[in-house]
Amino acid sequence: MELWGRMLRALVSGLGRRGGTQVWAFSSWQTHLPLAGLLSATEVVSYWTAVFEKRGIPEARDSSEYIVAHVLGAKTFQSLRPVLWTQPLTPWQLQHVKELSSRRLRRMPVQYILGEWDFQGLNLKMVPPVFIPRPETESRVIAVDKGEAAICLTHENAQRLQLQDRIRIIPLDVTLEGSWAHLLPWGPMDLVVSNPPYVFHQDMEQLAPEIRSYEDPAALDGGEEGMDVITHVLALAPWLLKDSGSIFLEVDPRHPELVGSWLQSRPDLSLHLVAVRRDFCGRPRFLHIRRSGLQPGCPTDTWPGH
């Protein structure tokens, strides 16, 4: 709400400029940017994402992120130095973003707007009408974690492996009410894979010292029956998965029966335990759960990019 409040104030009034008040509006979709110094890179991305979505521009957030990253000298938004995410843009940067975004509003492909594109490890110059290479068979990964250390390390590993274009890293606590809304723009998804905290609370003291002394207990302790986070993941999945999409969970060997019973008590989720896989020691540790039916309260034709 704070972000949109700042945007609204910037759009409605331009106090302090030429000593008076100016009105910023959308007139025939001639978009005017908020005042320089008000918005960070993250906020500018959200601003243009909203504009693109209103105009029905495909891949609205991706388009916005690529344009802002390009203006700030990076290939992807994820590869920007974190300090640049919150640093206000200069007037020149805001104007440059506006110019490039206006081309996207005319449905020019992002590859042509940027003038270059990475494909299979090659940086290719892009000029219309030359064909744009599109690796449609590649998948995109959404990585979610609430731990700051895990988020930072994932960023570092993505950069080391040059996977910035294929992974989106989101700091998020999935146990918070309404957390699904933060992931909704990237749905519907084919798979949800999770290694949640699943250790029974009473078993925490029995863990090996190498684990108990050095690993984050919040990433291990799953509550009284090890199900606290598991149930949140399962409740979240129907909002995100495609019909017939799957969830893969790593769990305690006691969980297949517990999870199966819990799913039977929640038929509204339309989730079904279809397989239990064993680890190398022969213990039942991996669950395959499949979804059937529509997302709860969300018809499939309302998903962005569907």
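Exposed, as used here, means over 50% relative accessible area. By that cut-off Cys 281 in this predicted model is exposed, since its relative accessible area is 61%. Cys 152 falls a step lower: at 46% relative accessibility, it counts as partly exposed. As for cross-links, searching the whole structure turns up zero disulfides.

Now for the sheet. It is an open one, built from four strands in the order 5-6-8-7, with mixed pairing. Strand 5 (189-194) and strand 7 sit at the edges with a single partner strand each, so one side of each has no neighbour in the sheet. On average, neighbouring strands are turned by 15° against each other, ignoring direction.

Strand 8 (residues 284-291) has six of its eight residues buried, so the rest of the structure largely encloses it. Strand 6 (residues 241-250) runs antiparallel to strand 8 and is joined to it by five bridges, with Ser 246 standing opposite Arg 290 of strand 8. Strand 7 (residues 271-278) is also antiparallel to strand 8, this time through seven bridges. Here Val 276 faces Leu 287 across the pairing, and Arg 277 stands opposite Phe 286. The hairpin of strand 7 and strand 8 leaves five residues between the strands, and among them Gly 282 takes a positive phi near 85°.

Two helices come into the picture as well. Helix 10 (residues 228-240) lies across strand 5, strand 6, strand 7 and strand 8, and runs at about 160° to strand 6. Helix 11 (residues 255-264) packs on the sheet too, where it touches strand 7 and strand 8; its direction makes about 175° with that of strand 7.

Methods: Residues numbered from 1 in each chain as written. Predicted model: local features only at pLDDT ≥ 70, side-chain atom pairs only at ≥ 80, totals over all residues. Heavy atoms only, no water. Buried < 20%, exposed > 50% of the residue type's maximum accessible area, 1.4 Å probe, protein only. Pairing = 2+ DSSP bridges. Disulfide = S-S within 2.5 Å. Axes fitted to C-alpha atoms, helices over the stretch in contact; angles between N-to-C directions. Contact = heavy atoms within 4.5 Å.
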